[in-house]
Amino acid sequence: MIMSRIEAPRSEDAVATSDLADRLLAGLAAEAVLTDPDVTAAYANDMASFCPAGAPAVVVLPRTVEEVQHVMRVATELRVPVVPQGARSGLSGGANATDGCIVLSLTKMDRILEISPVDRIAVVEPGVINATLSHAVAEHGLYYPPDPSSWEMCTIGGNIGTGSGGLCCVKYGVTAEYVLGLDVVLADGRLMSTGRRTAKGVAGYDLTRLFVGSEGSLGIVVRAVLALRPKPPQQLVLAAEFPSAAAACDAVCRIMEGGHVPSLLELMDRTTVKAVNDLAHMGLPETTEALLLAAFDTPDPAADLAAVGALCEAAGATEVVPAEDAAESEMLLKARRLSLTALEAVKGTTMIDDVCVPRSKLGAMLEGVERIAEKYQLTIGVCAHAGDGNTHPTVCFDAADADESRRARESFDEIMALGLQLGGTITGEHGVGVLKKEWLAREIGPVGVEMQRAVKQAFDPLGILNPGKVL
(Lines give C-alpha, C1' and ligand atoms only; values in the text may rest on other atoms or scores of the structure.)
Protein backbone atom coordinates (compact mmCIF):
# COMPACT_ATOMS: atom_id res chain seq x y z
CA MET A 1 0.00 0.00 0.00
CA ILE A 2 1.12 3.56 -0.72
CA MET A 3 0.00 5.93 1.99
CA SER A 4 0.93 8.67 4.41
CA ARG A 5 -0.90 9.56 7.60
CA ILE A 6 -4.34 10.93 8.30
CA GLU A 7 -4.51 13.31 11.21
CA ALA A 8 -7.96 14.03 12.57
CA PRO A 9 -8.99 17.20 14.41
CA ARG A 10 -8.62 16.61 18.14
CA SER A 11 -9.20 18.54 21.32
CA GLU A 12 -6.19 20.46 22.63
CA ASP A 13 -5.79 17.98 25.47
CA ALA A 14 -5.04 14.74 23.70
CA VAL A 15 -6.75 11.75 25.27
CA ALA A 16 -4.28 9.18 26.58
CA THR A 17 -4.85 5.75 25.13
CA SER A 18 -5.02 4.20 28.58
CA ASP A 19 -7.69 6.67 29.73
CA LEU A 20 -9.69 6.11 26.56
CA ALA A 21 -9.44 2.35 26.93
CA ASP A 22 -10.56 2.53 30.55
CA ARG A 23 -13.64 4.52 29.57
CA LEU A 24 -14.48 2.06 26.81
CA LEU A 25 -13.97 -0.94 29.10
CA ALA A 26 -16.72 0.38 31.34
CA GLY A 27 -19.20 -0.86 28.73
CA LEU A 28 -17.25 -3.45 26.73
CA ALA A 29 -15.67 -6.80 27.51
CA ALA A 30 -11.88 -6.83 27.83
CA GLU A 31 -11.44 -8.90 24.67
CA ALA A 32 -13.45 -6.31 22.73
CA VAL A 33 -10.97 -3.49 23.37
CA LEU A 34 -7.61 -3.77 21.59
CA THR A 35 -4.77 -1.38 22.39
CA ASP A 36 -1.59 -3.28 21.43
CA PRO A 37 -0.10 -1.20 18.57
CA ASP A 38 1.06 -4.35 16.79
CA VAL A 39 -2.55 -5.54 16.75
CA THR A 40 -4.30 -2.25 16.05
CA ALA A 41 -1.96 -1.58 13.10
CA ALA A 42 -3.73 -4.37 11.22
CA TYR A 43 -6.90 -2.26 11.30
CA ALA A 44 -5.28 0.88 9.86
CA ASN A 45 -6.44 0.64 6.27
CA ASP A 46 -8.57 -1.02 3.64
CA MET A 47 -7.34 -2.34 0.27
CA ALA A 48 -6.90 0.98 -1.55
CA SER A 49 -3.55 2.34 -2.73
CA PHE A 50 -2.45 5.98 -2.45
CA CYS A 51 -4.73 6.53 0.54
CA PRO A 52 -3.25 7.93 3.76
CA ALA A 53 -3.90 6.10 7.01
CA GLY A 54 -3.22 6.98 10.61
CA ALA A 55 -2.54 4.93 13.74
CA PRO A 56 -5.67 4.13 15.76
CA ALA A 57 -5.51 4.61 19.51
CA VAL A 58 -7.82 1.67 20.09
CA VAL A 59 -9.86 -0.89 18.18
CA VAL A 60 -13.23 -1.96 19.57
CA LEU A 61 -15.25 -5.00 18.51
CA PRO A 62 -18.76 -4.60 19.91
CA ARG A 63 -21.35 -7.38 19.75
CA THR A 64 -24.49 -5.44 20.65
CA VAL A 65 -26.24 -2.20 19.77
CA GLU A 66 -25.85 -1.03 23.35
CA GLU A 67 -22.10 -1.48 23.13
CA VAL A 68 -21.97 0.63 19.96
CA GLN A 69 -23.99 3.31 21.73
CA HIS A 70 -21.52 3.23 24.62
CA VAL A 71 -18.58 3.68 22.23
CA MET A 72 -20.19 6.69 20.58
CA ARG A 73 -21.08 8.32 23.90
CA VAL A 74 -17.48 7.99 25.05
CA ALA A 75 -16.20 9.31 21.73
CA THR A 76 -18.53 12.30 21.87
CA GLU A 77 -17.63 13.15 25.44
CA LEU A 78 -13.90 12.90 24.79
CA ARG A 79 -14.06 14.33 21.24
CA VAL A 80 -12.29 11.29 19.80
CA PRO A 81 -12.82 10.44 16.09
CA VAL A 82 -14.47 7.12 15.24
CA VAL A 83 -13.77 5.15 12.06
CA PRO A 84 -16.34 2.39 11.39
CA GLN A 85 -15.07 -0.72 9.61
CA GLY A 86 -16.38 -3.93 8.12
CA ALA A 87 -14.13 -6.42 6.34
CA ARG A 88 -11.79 -3.66 5.09
CA SER A 89 -12.22 -4.89 1.53
CA GLY A 90 -13.00 -1.39 0.26
CA LEU A 91 -11.09 0.22 -2.58
CA SER A 92 -11.26 3.94 -1.80
CA GLY A 93 -9.71 4.34 1.66
CA GLY A 94 -13.10 4.89 3.27
CA ALA A 95 -12.24 2.61 6.20
CA ASN A 96 -8.75 4.00 6.81
CA ALA A 97 -7.93 4.97 10.38
CA THR A 98 -7.04 8.47 11.52
CA ASP A 99 -4.35 9.16 14.10
CA GLY A 100 -5.64 8.61 17.64
CA CYS A 101 -9.06 7.38 16.54
CA ILE A 102 -11.31 4.62 17.76
CA VAL A 103 -11.64 2.01 15.03
CA LEU A 104 -15.14 0.59 15.42
CA SER A 105 -15.02 -2.85 13.82
CA LEU A 106 -18.51 -4.27 13.34
CA THR A 107 -17.44 -7.75 12.24
CA LYS A 108 -18.59 -9.38 15.50
CA MET A 109 -22.16 -8.18 14.93
CA ASP A 110 -22.77 -10.94 12.43
CA ARG A 111 -26.19 -12.39 13.17
CA ILE A 112 -28.98 -12.94 10.67
CA LEU A 113 -31.88 -11.97 12.90
CA GLU A 114 -34.79 -12.88 10.65
CA ILE A 115 -35.68 -14.26 7.23
CA SER A 116 -39.32 -13.87 6.25
CA PRO A 117 -40.45 -15.64 3.06
CA VAL A 118 -43.89 -14.02 3.32
CA ASP A 119 -42.62 -10.46 3.70
CA ARG A 120 -39.59 -11.24 1.53
CA ILE A 121 -37.19 -9.53 3.86
CA ALA A 122 -34.11 -10.35 5.88
CA VAL A 123 -33.13 -8.50 9.05
CA VAL A 124 -29.38 -8.59 9.64
CA GLU A 125 -26.57 -7.10 11.66
CA PRO A 126 -23.85 -5.18 9.79
CA GLY A 127 -21.11 -7.82 10.13
CA VAL A 128 -22.96 -10.50 8.16
CA ILE A 129 -20.93 -11.62 5.15
CA ASN A 130 -22.69 -11.06 1.84
CA ALA A 131 -22.24 -14.67 0.70
CA THR A 132 -23.46 -15.99 4.07
CA LEU A 133 -26.70 -14.07 3.69
CA SER A 134 -27.10 -15.18 0.07
CA HIS A 135 -26.72 -18.85 1.01
CA ALA A 136 -29.07 -18.50 4.00
CA VAL A 137 -31.92 -16.92 2.06
CA ALA A 138 -31.48 -19.42 -0.79
CA GLU A 139 -32.54 -22.17 1.63
CA HIS A 140 -35.91 -20.41 1.79
CA GLY A 141 -36.20 -20.11 -1.99
CA LEU A 142 -35.19 -16.44 -1.86
CA TYR A 143 -32.48 -14.32 -3.42
CA TYR A 144 -30.44 -11.31 -2.26
CA PRO A 145 -29.14 -9.88 -5.55
CA PRO A 146 -26.30 -7.42 -4.71
CA ASP A 147 -23.13 -9.46 -5.26
CA PRO A 148 -19.83 -7.54 -5.24
CA SER A 149 -16.83 -9.45 -6.54
CA SER A 150 -15.67 -9.62 -2.91
CA TRP A 151 -18.99 -11.18 -1.82
CA GLU A 152 -17.29 -14.05 0.00
CA MET A 153 -15.56 -11.63 2.40
CA CYS A 154 -17.33 -8.24 2.34
CA THR A 155 -20.00 -7.38 4.92
CA ILE A 156 -23.53 -6.11 4.50
CA GLY A 157 -22.63 -3.07 6.61
CA GLY A 158 -19.74 -2.28 4.30
CA ASN A 159 -21.96 -2.79 1.26
CA ILE A 160 -24.46 -0.32 2.71
CA GLY A 161 -21.72 2.14 3.61
CA THR A 162 -20.34 2.29 0.09
CA GLY A 163 -23.59 1.67 -1.79
CA SER A 164 -21.90 -1.25 -3.51
CA GLY A 165 -23.01 -2.99 -6.67
CA GLY A 166 -21.93 -6.22 -8.30
CA LEU A 167 -22.17 -8.38 -11.36
CA CYS A 168 -25.96 -8.67 -11.43
CA CYS A 169 -26.76 -4.94 -11.22
CA VAL A 170 -27.67 -4.74 -14.89
CA LYS A 171 -30.90 -6.63 -14.08
CA TYR A 172 -31.39 -6.38 -10.34
CA GLY A 173 -29.91 -3.04 -9.30
CA VAL A 174 -27.54 -1.99 -6.52
CA THR A 175 -27.52 -2.25 -2.73
CA ALA A 176 -29.56 0.94 -2.21
CA GLU A 177 -32.55 -0.66 -3.92
CA TYR A 178 -32.65 -3.46 -1.34
CA VAL A 179 -32.25 -1.51 1.90
CA LEU A 180 -35.75 -0.92 3.28
CA GLY A 181 -34.88 0.21 6.78
CA LEU A 182 -31.98 0.80 9.15
CA ASP A 183 -31.18 1.12 12.82
CA VAL A 184 -28.43 3.71 13.16
CA VAL A 185 -26.43 4.81 16.18
CA LEU A 186 -25.84 8.54 15.84
CA ALA A 187 -22.66 10.39 16.76
CA ASP A 188 -23.92 11.19 20.26
CA GLY A 189 -25.01 7.60 20.94
CA ARG A 190 -28.73 7.95 20.29
CA LEU A 191 -30.42 5.17 18.34
CA MET A 192 -32.55 6.07 15.33
CA SER A 193 -34.68 3.84 13.11
CA THR A 194 -35.33 4.75 9.49
CA GLY A 195 -37.48 3.28 6.75
CA ARG A 196 -39.79 0.34 7.06
CA ARG A 197 -40.26 -3.41 6.67
CA THR A 198 -43.41 -3.07 4.57
CA ALA A 199 -43.60 -3.51 0.79
CA LYS A 200 -44.07 0.23 0.39
CA GLY A 201 -44.06 3.39 2.48
CA VAL A 202 -43.42 7.10 1.94
CA ALA A 203 -43.57 8.57 5.46
CA GLY A 204 -41.22 11.53 5.78
CA TYR A 205 -37.85 12.15 4.20
CA ASP A 206 -36.09 9.04 2.90
CA LEU A 207 -33.31 8.97 5.49
CA THR A 208 -32.60 5.33 4.72
CA ARG A 209 -31.30 6.24 1.29
CA LEU A 210 -29.28 9.06 2.83
CA PHE A 211 -27.29 6.60 4.94
CA VAL A 212 -26.67 4.21 2.05
CA GLY A 213 -23.37 5.28 0.52
CA SER A 214 -22.52 7.69 3.35
CA GLU A 215 -19.41 5.64 4.29
CA GLY A 216 -20.01 5.82 8.03
CA SER A 217 -19.81 9.61 8.05
CA LEU A 218 -23.37 10.19 9.30
CA GLY A 219 -23.97 7.32 11.71
CA ILE A 220 -23.23 3.68 12.53
CA VAL A 221 -25.54 1.14 10.91
CA VAL A 222 -26.30 -1.58 13.47
CA ARG A 223 -29.24 -3.33 11.83
CA ALA A 224 -30.67 -3.49 8.32
CA VAL A 225 -33.98 -4.62 6.85
CA LEU A 226 -33.23 -5.93 3.37
CA ALA A 227 -35.60 -6.72 0.53
CA LEU A 228 -35.41 -10.18 -1.04
CA ARG A 229 -36.62 -11.63 -4.31
CA PRO A 230 -37.77 -15.09 -5.27
CA LYS A 231 -34.81 -17.22 -6.22
CA PRO A 232 -34.47 -17.15 -10.03
CA PRO A 233 -33.68 -20.17 -12.20
CA GLN A 234 -30.04 -21.17 -12.59
CA GLN A 235 -28.39 -18.79 -15.03
CA LEU A 236 -26.45 -19.81 -18.11
CA VAL A 237 -23.53 -17.79 -19.44
CA LEU A 238 -22.33 -17.02 -22.95
CA ALA A 239 -18.77 -15.99 -23.82
CA ALA A 240 -18.11 -13.93 -26.94
CA GLU A 241 -14.67 -13.00 -28.32
CA PHE A 242 -14.16 -9.72 -30.16
CA PRO A 243 -11.38 -8.31 -32.33
CA SER A 244 -11.59 -4.96 -30.51
CA ALA A 245 -13.00 -3.42 -27.36
CA ALA A 246 -15.05 -1.10 -29.58
CA ALA A 247 -16.78 -4.09 -31.19
CA ALA A 248 -17.57 -5.58 -27.77
CA CYS A 249 -19.04 -2.26 -26.63
CA ASP A 250 -21.11 -2.10 -29.80
CA ALA A 251 -22.51 -5.52 -28.90
CA VAL A 252 -23.43 -4.23 -25.44
CA CYS A 253 -25.36 -1.35 -27.02
CA ARG A 254 -27.15 -3.72 -29.42
CA ILE A 255 -28.15 -6.03 -26.56
CA MET A 256 -29.57 -3.26 -24.41
CA GLU A 257 -31.24 -1.47 -27.32
CA GLY A 258 -32.85 -4.76 -28.30
CA GLY A 259 -34.75 -4.90 -25.02
CA HIS A 260 -32.88 -7.87 -23.59
CA VAL A 261 -32.53 -8.10 -19.81
CA PRO A 262 -29.45 -10.18 -19.04
CA SER A 263 -28.74 -11.11 -15.43
CA LEU A 264 -25.10 -10.29 -16.12
CA LEU A 265 -23.21 -8.50 -18.87
CA GLU A 266 -19.49 -8.26 -18.16
CA LEU A 267 -16.45 -7.27 -20.21
CA MET A 268 -12.78 -8.19 -19.81
CA ASP A 269 -10.14 -6.66 -22.03
CA ARG A 270 -7.08 -8.46 -23.41
CA THR A 271 -4.86 -7.42 -20.49
CA THR A 272 -7.35 -8.72 -17.94
CA VAL A 273 -7.86 -12.02 -19.74
CA LYS A 274 -4.12 -12.65 -19.85
CA ALA A 275 -3.75 -11.74 -16.16
CA VAL A 276 -6.48 -14.19 -15.15
CA ASN A 277 -4.87 -16.95 -17.21
CA ASP A 278 -1.46 -16.23 -15.71
CA LEU A 279 -2.88 -16.42 -12.19
CA ALA A 280 -5.36 -19.27 -12.42
CA HIS A 281 -4.53 -21.10 -15.69
CA MET A 282 -8.19 -21.02 -16.75
CA GLY A 283 -7.61 -21.38 -20.47
CA LEU A 284 -9.39 -18.20 -21.51
CA PRO A 285 -8.74 -17.16 -25.14
CA GLU A 286 -5.76 -14.81 -25.11
CA THR A 287 -6.07 -14.06 -28.84
CA THR A 288 -9.17 -11.97 -28.15
CA GLU A 289 -9.03 -8.20 -27.68
CA ALA A 290 -12.15 -8.26 -25.52
CA LEU A 291 -14.21 -11.01 -23.93
CA LEU A 292 -17.90 -10.36 -23.25
CA LEU A 293 -19.83 -12.52 -20.80
CA ALA A 294 -23.64 -12.46 -20.93
CA ALA A 295 -25.97 -14.45 -18.70
CA PHE A 296 -29.69 -15.07 -18.39
CA ASP A 297 -31.61 -16.55 -15.48
CA THR A 298 -34.90 -16.80 -17.38
CA PRO A 299 -37.05 -19.93 -17.79
CA ASP A 300 -35.43 -20.52 -21.22
CA PRO A 301 -31.91 -19.08 -20.97
CA ALA A 302 -30.70 -21.00 -24.03
CA ALA A 303 -33.08 -19.08 -26.29
CA ASP A 304 -32.06 -15.76 -24.78
CA LEU A 305 -28.38 -16.59 -25.18
CA ALA A 306 -28.96 -17.53 -28.82
CA ALA A 307 -30.56 -14.15 -29.49
CA VAL A 308 -27.73 -12.30 -27.76
CA GLY A 309 -25.17 -14.46 -29.53
CA ALA A 310 -26.59 -13.36 -32.87
CA LEU A 311 -26.25 -9.72 -31.83
CA CYS A 312 -22.65 -10.31 -30.81
CA GLU A 313 -21.90 -11.85 -34.20
CA ALA A 314 -23.55 -8.88 -35.91
CA ALA A 315 -21.25 -6.60 -33.92
CA GLY A 316 -18.21 -8.51 -35.15
CA ALA A 317 -17.64 -11.29 -32.60
CA THR A 318 -15.12 -13.81 -33.89
CA GLU A 319 -16.48 -16.61 -31.71
CA VAL A 320 -19.57 -17.06 -29.55
CA VAL A 321 -19.65 -19.97 -27.12
CA PRO A 322 -22.68 -20.58 -24.89
CA ALA A 323 -22.01 -22.54 -21.70
CA GLU A 324 -23.52 -25.99 -21.79
CA ASP A 325 -24.37 -26.22 -18.11
CA ALA A 326 -24.20 -24.51 -14.72
CA ALA A 327 -20.69 -25.77 -14.01
CA GLU A 328 -19.30 -24.24 -17.19
CA SER A 329 -21.17 -21.02 -16.44
CA GLU A 330 -19.68 -20.88 -12.96
CA MET A 331 -16.17 -21.32 -14.39
CA LEU A 332 -16.65 -18.24 -16.56
CA LEU A 333 -18.01 -16.22 -13.64
CA LYS A 334 -15.06 -17.32 -11.50
CA ALA A 335 -12.73 -15.94 -14.14
CA ARG A 336 -14.51 -12.57 -14.03
CA ARG A 337 -14.45 -12.47 -10.22
CA LEU A 338 -10.70 -13.12 -10.29
CA SER A 339 -10.02 -10.14 -12.52
CA LEU A 340 -8.94 -7.58 -9.92
CA THR A 341 -6.86 -10.10 -7.97
CA ALA A 342 -5.17 -11.20 -11.19
CA LEU A 343 -4.37 -7.65 -12.25
CA GLU A 344 -2.81 -6.96 -8.86
CA ALA A 345 -0.42 -9.85 -9.49
CA VAL A 346 0.88 -8.21 -12.67
CA LYS A 347 3.07 -5.64 -10.89
CA GLY A 348 2.25 -6.12 -7.20
CA THR A 349 0.17 -2.96 -6.72
CA THR A 350 -2.93 -1.57 -8.40
CA MET A 351 -5.10 1.51 -8.43
CA ILE A 352 -8.63 0.51 -9.30
CA ASP A 353 -10.83 3.12 -10.92
CA ASP A 354 -14.61 2.92 -10.63
CA VAL A 355 -15.84 5.26 -13.33
CA CYS A 356 -19.38 4.72 -14.55
CA VAL A 357 -20.44 6.18 -17.90
CA PRO A 358 -23.60 6.01 -20.00
CA ARG A 359 -23.68 2.70 -21.89
CA SER A 360 -23.56 4.62 -25.16
CA LYS A 361 -20.16 6.03 -24.11
CA LEU A 362 -18.63 2.74 -23.01
CA GLY A 363 -16.60 2.35 -26.21
CA ALA A 364 -15.22 5.87 -25.95
CA MET A 365 -14.29 5.20 -22.34
CA LEU A 366 -12.27 2.08 -23.16
CA GLU A 367 -10.58 3.74 -26.13
CA GLY A 368 -9.64 6.66 -23.89
CA VAL A 369 -8.18 4.35 -21.24
CA GLU A 370 -6.04 2.70 -23.89
CA ARG A 371 -4.68 6.09 -24.94
CA ILE A 372 -3.93 6.97 -21.32
CA ALA A 373 -2.06 3.66 -20.83
CA GLU A 374 0.10 4.45 -23.87
CA LYS A 375 0.69 8.03 -22.73
CA TYR A 376 1.97 6.99 -19.31
CA GLN A 377 3.62 3.75 -20.47
CA LEU A 378 1.66 1.66 -17.98
CA THR A 379 -0.27 -1.58 -17.96
CA ILE A 380 -3.94 -0.74 -17.43
CA GLY A 381 -6.41 -3.62 -17.58
CA VAL A 382 -10.14 -3.02 -17.81
CA CYS A 383 -12.92 -5.20 -16.52
CA ALA A 384 -16.40 -3.74 -16.54
CA HIS A 385 -19.99 -4.26 -15.56
CA ALA A 386 -20.67 -3.44 -19.17
CA GLY A 387 -24.44 -3.68 -18.93
CA ASP A 388 -24.59 -0.64 -16.67
CA GLY A 389 -21.50 1.20 -17.93
CA ASN A 390 -19.50 0.71 -14.72
CA THR A 391 -15.84 0.31 -15.66
CA HIS A 392 -12.88 -0.70 -13.52
CA PRO A 393 -9.73 0.49 -15.29
CA THR A 394 -7.00 -1.01 -13.12
CA VAL A 395 -3.57 0.64 -13.16
CA CYS A 396 -0.80 -1.91 -12.49
CA PHE A 397 2.50 -0.58 -11.15
CA ASP A 398 5.53 -1.24 -8.99
CA ALA A 399 5.09 0.62 -5.69
CA ALA A 400 8.87 0.60 -5.17
CA ASP A 401 9.38 2.60 -8.36
CA ALA A 402 8.78 6.26 -7.52
CA ASP A 403 8.45 7.38 -11.12
CA GLU A 404 6.06 4.57 -12.01
CA SER A 405 4.00 5.35 -8.89
CA ARG A 406 3.77 8.99 -9.96
CA ARG A 407 2.64 8.01 -13.43
CA ALA A 408 0.09 5.61 -11.95
CA ARG A 409 -1.48 8.35 -9.86
CA GLU A 410 -1.56 10.79 -12.78
CA SER A 411 -3.12 8.20 -15.09
CA PHE A 412 -5.75 7.38 -12.44
CA ASP A 413 -6.76 11.03 -12.26
CA GLU A 414 -6.85 11.33 -16.03
CA ILE A 415 -9.19 8.34 -16.23
CA MET A 416 -11.59 10.01 -13.78
CA ALA A 417 -11.46 13.21 -15.79
CA LEU A 418 -12.28 11.22 -18.92
CA GLY A 419 -15.28 9.66 -17.20
CA LEU A 420 -16.68 13.06 -16.25
CA GLN A 421 -16.08 14.39 -19.77
CA LEU A 422 -18.19 11.51 -21.09
CA GLY A 423 -21.09 12.38 -18.79
CA GLY A 424 -20.25 9.78 -16.16
CA THR A 425 -19.55 9.66 -12.46
CA ILE A 426 -16.31 9.11 -10.53
CA THR A 427 -17.69 6.12 -8.63
CA GLY A 428 -20.34 3.59 -9.53
CA GLU A 429 -20.00 1.33 -6.49
CA HIS A 430 -16.71 1.71 -4.57
CA GLY A 431 -17.44 5.00 -2.85
CA VAL A 432 -15.47 8.23 -2.49
CA GLY A 433 -13.45 7.58 0.67
CA VAL A 434 -10.10 9.36 0.64
CA LEU A 435 -9.10 8.47 -2.89
CA LYS A 436 -11.71 10.54 -4.73
CA LYS A 437 -12.46 13.42 -2.34
CA GLU A 438 -11.08 16.07 -4.68
CA TRP A 439 -12.97 14.60 -7.60
CA LEU A 440 -16.29 14.58 -5.76
CA ALA A 441 -16.18 18.38 -5.58
CA ARG A 442 -15.55 18.54 -9.33
CA GLU A 443 -18.51 16.28 -10.04
CA ILE A 444 -21.18 17.80 -7.79
CA GLY A 445 -20.02 21.45 -7.84
CA PRO A 446 -19.78 24.06 -5.07
CA VAL A 447 -23.50 24.18 -4.27
CA GLY A 448 -23.63 20.40 -4.03
CA VAL A 449 -20.63 20.38 -1.70
CA GLU A 450 -22.21 23.08 0.47
CA MET A 451 -25.45 21.15 0.88
CA GLN A 452 -23.70 17.87 1.59
CA ARG A 453 -21.57 19.54 4.26
CA ALA A 454 -24.76 20.89 5.81
CA VAL A 455 -26.15 17.37 6.01
CA LYS A 456 -22.93 16.18 7.62
CA GLN A 457 -23.09 19.01 10.16
CA ALA A 458 -26.67 18.12 11.08
CA PHE A 459 -25.83 14.49 11.86
CA ASP A 460 -22.27 14.92 13.15
CA PRO A 461 -21.79 18.47 14.53
CA LEU A 462 -18.47 17.58 16.21
CA GLY A 463 -17.08 16.00 13.04
CA ILE A 464 -16.01 12.80 14.81
CA LEU A 465 -17.56 10.26 12.41
CA ASN A 466 -15.03 9.01 9.86
CA PRO A 467 -13.29 12.37 9.48
CA GLY A 468 -11.38 13.12 6.31
CA LYS A 469 -13.60 10.96 4.13
CA VAL A 470 -16.04 11.83 1.34
CA LEU A 471 -16.04 15.63 1.81
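# A tour of the model, stop by stop

Start by selecting residues 52-231, the stretch that an unreviewed UniProt entry annotates as "domain: FAD-binding PCMH-type". UniProt positions follow the numbering used here, feature names are shortened, and such annotations may be inferred rather than shown by experiment. What you have open is a predicted model, in which local features need pLDDT of at least 70, side-chain atom pairs count only at pLDDT 80 or more, and totals for chains, interfaces and linings use all residues. Residues are numbered from 1 along each chain as its sequence is written, and side-chain values use heavy atoms, with hydrogens and water left out.

Keep 52-231 selected for a moment. The C-alpha atoms at its two ends are 42 Å apart, and the span is 22% helix and 24% strand. Helices (H or I, at least four residues) and strands (E, at least two) are DSSP runs, numbered from the N terminus.

**Zoom out**

Now show the whole chain as a cartoon: you'll see 15 helices and 18 strands. The chain is as compact as a globular protein of 471 residues, because its radius of gyration is 22 Å, close to the 23 Å from the globule rule. That radius is taken over C-alpha atoms, and the rule is 2.2 Å times the number of residues to the power 0.38. Along the principal axes, the C-alpha atoms fill a box of roughly 70 × 60 × 45 Å.

Turn on the surface next. About 19200 Å² is exposed, with carbon and sulfur atoms supplying 52% of it; the areas come from the Shrake-Rupley method with a 1.4 Å probe, and for residues only the protein chains shown count as cover. Of the 471 residues, 56% count as buried. Buried means under 20% relative accessible area, exposed over 50%, and partly exposed in between (1.4 Å probe, protein chains only).

**Into the cores**

Hide the surface and select F242, L292, C312 and M365. These touch the most other members of the largest nonpolar core, which has 55 residues. Helix α13 (residues 362-376) gives this core its largest share, seven residues. For a second, separate core, of 31 residues, pick Y144, L180, M192 and V221, which are among its members. A nonpolar core here is a set of buried Ala, Val, Leu, Ile, Met, Phe, Trp, Tyr and Cys residues joined through side-chain atoms within 4.5 Å.

**Charged pairs**

Side chains of opposite charge can pair when their charged atoms come close. The whole structure holds 21 salt bridges, each a side-chain nitrogen of Lys or Arg within 4 Å of a carboxyl oxygen of Asp or Glu.

Select D147 and R337: their closest N and O atoms are 3.3 Å apart in a salt bridge. This pair links distant parts of the chain, with D147 in the loop between β7 (142-143) and α5 (156-162) and R337 in helix α11 (residues 326-337), 190 residues apart. Both D147 and R337 are buried.

Step to R336, which forms a salt bridge with E266, closest N and O atoms 2.6 Å apart. R336 is in helix α11 and E266 in strand β13 (residues 264-269), 70 residues apart. Are they buried or exposed? R336 is buried, at 1% relative accessible area, and E266 is buried at 1% too.

Next, find D278 and K274, a salt bridge with 2.9 Å between the closest N and O atoms. Both lie in helix α9 (residues 270-280), four residues apart, about one turn of the helix. D278 is partly exposed at 46%, and K274 is partly exposed at 42%. Then select K347, D403, E404, R406, R407 and E410, which salt bridges with shared partners join into one network.

**A few single residues**

Select P230, in strand β11 (residues 229-230). P230 is partly exposed, at 42% relative accessibility. Beyond residues up to four places away in sequence, P230 touches R120, G141, L142 and Y143, where contact means heavy atoms within 4.5 Å. P230 and Y143 are 87 residues apart in sequence, yet 5.7 Å apart C-alpha to C-alpha.

Most residues other than glycine have a negative phi. Now look at E215: it isn't a glycine, but its phi is positive, about 55°. E215 sits in the loop between α7 (207-211) and β10 (220-227) and is buried at 8%.

Last stop: V470, in the segment after α15 (437-459). V470 also has a positive phi, about 70°, without being a glycine, and counts as buried at 11%.
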